[in-house]
Amino acid sequence: MDALLIKNCHAILTGNRQQPRSTASDIRIRQGIITEMGSLTCQQGERLVDARDCVVYPGWVNTHHHLFQSLLKGEPQGLNQSLGAWLAATPYRFRGAFDEQTFRVATRVGLIELVRSGCTTIADHHYLYWPDMPFDGAEILFDEAQKLGVRFVLCRGGATQSRGLESSLPTALRPEKFDRWMEDVERLVQRYHQPSQHAMRRVVMAPTTTLHSTTPQELRESASLARKLGIGLHSHLSETVDYLDAAKAKFGMTPLQFCAEHDWIGEDVWFAHLVKLLPDEIALLGASRSGIAHCPQSNARLGSGIADLIGLEQAGVKISIGVDGAASNEAADMQSETHAAWQLQRARKGMLAKPRYAGGTFEGGGDAATIEDVVRWGTSGGAQILGLDTGELRPGMAADIAVYRLDDPRYFGLHDSAIGPVACGGRAALKMLLCQGKVIVEDDVIPGVDLAELGREAAEAVKILQQRANVN
């Protein structure tokens with residue numbers, strides 16, 4: 001359907017900082033683009049969608065995920081561990097257990113979970129690579145995303161360094177050769193990357209970590225190649241204090257200083273987490289217009305802390321939201337993530353409150369982040385980081401639109417229905433979800449997806465992974 005009119009919207013949150021709420025009730029779409037907003041009359045040849053009593057948001061833009069972890073939710077050995085021990089207990093222990101079929105099921109589960117939350121753009125930090133792999137994970141990721149009709153950004157992870165002796169490591173933990181890795185990035189860019197601002201496919205240079213995964217020289221060379229190819233740069237950074245300790249011990253500087261020394265900073269760079277930052281690092285990030293993929297639920301689940309989004313944004317850092325992997329976030333969807341972001345920014349500020357007799361000036365953090373802030377971070381903020389013309393509801397933007405029904409008791413009694421999908425948590429049902437103007441969810445159903453069958457496939461895949469990883 002090239003022509004569509006969404007009419008009678010109860011409320012529209014735009015993702016725009018200057019005008020976060022629209023006074024319009026109707027949205028007209030032509031050939032995948034929003035052409036008009038206001039009080040509009042249905043024209044001949046248009047499909048009419050009645051959004052009465054519905055709340056409309058831009059489609060969520062998830063800037064950091066690990067889709068392979070969708071089959072590792074609640075894994076017992078890592079459940080009560082912090083980052084370092086959790087990495088060894090869960091994702092590293094299971095990575096070699098994946099084959100083409102289990103990887104495809106994991107990908108499908110994660111993508112469908114995101115789509116059902118109203119997410120239309122997914123950036124997956126895919127680092128499941130080892131020498132002589134029997135399947136092409138990138139091909140599977142792009143294929144499954146295309147089937148669902150969502151925008152997909154492959155952040156091609158990898159490592160040339162390991163933390164143990166290569167000869168004693170299982171094959172799935174052995175590092176790649178740098179030249180082969182860079183050759184594969186070039187292959188992926190040539191095959192999949194679309195430079196258009198309405199792109200459905202993108203490729204990004206994304207070593208698993210800047211501190212541990214490559215040599216300093218390789219890090220600089222990877223940045224140079226990325227910029228030659230015209231693609232973005234992404235990695236994990238400063239998730240825990242271990243990053244500070246490691247950078248100090250190995251390089252005699254802070255993690256951000258190390259990245260800056262090796263050309264890993266700037267408007268084309270964004271980092272996941274950034275929980276443990278020093279004041280001069282925040283200033284450096286802001287001055288360079290680098291970005292963050294904030295992952296509040298994973299950071300809370302692993303006990304890493306809460307990133308200072310307010311301070312980062314005030315410094316000039318570009319803010320976005322990612323859900324991270326389901327192995328450290330058992331609800332890997334954007335409604336849950338934005339709900340957590342809203343609450344935890346307030347909790348973070350509240351923890352800084354002091355009594356007045358000790359110099360305190362405020363009681364709590366209830367004013368730290370608004371729903372409109374969180375919607376902007378999770379939509380247009382992510383689109384800006386990825387260089388896409390989406391994430392905002394206004395004429396000229398791609399028609400990536402989530403129309404939420406608030407017909408569950410969770411939302412009954414709301415004085416302001418517009419905030420429901422974020423403020424109330426849970427999952428608001430979708431009357432419709434569009435990506436580039438195409439309907440990908442209708443009446444809370446994804447065409448061609450049998451959720452019961454997917455559940456059975458996932459349960460069987462978990463058993464297979466457990467057996468291969470020698471889990472009792």
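Q: Which residues of strand 10 sit on its two sides, and are they buried or exposed?
A: Arg151, Val153 and Cys155 lie on one side, Phe152, Leu154 and Arg156 on the other, and all are buried. Buried means under 20% relative accessible area, with a 1.4 Å probe and protein chains only. Strands are DSSP runs of E with at least two residues, and helices are runs of H or I with at least four, numbered from the N terminus.

Q: What kind of model is this?
A: The model is predicted: local features need pLDDT of at least 70, side-chain atom pairs count only at pLDDT 80 or more, and totals for chains, interfaces and linings use all residues. Residues are numbered from 1 along each chain as its sequence is written, and side-chain values use heavy atoms, leaving out hydrogens and water.

Q: How does strand 9 run relative to strand 10, parallel or antiparallel?
A: Parallel, with 6 bridges joining them; pairing requires that DSSP finds at least two bridges between two strands.

Q: What lies between them along the chain?
A: Helix 4 (residues 137–148), in a right-handed β-α-β crossover. Right-handed means that, with the strands pointing away from the viewer, the path from the first strand over the helix to the second runs clockwise.

Q: And strand 11?
A: Strand 11 (residues 201–205) pairs with strand 10 in the parallel sense over 5 bridges. There, valine 204 is the bridge partner of cysteine 155.

Q: Switching to threonine 121: why does it count as buried?
A: Because its relative accessibility is 0%. Threonine 121 is in strand 9 (residues 119–126), and its bridge partner in strand 10 is arginine 151.

Definitions and conventions:
Buried means under 20% relative accessible area, exposed over 50%, partly exposed in between (1.4 Å probe, protein chains only).
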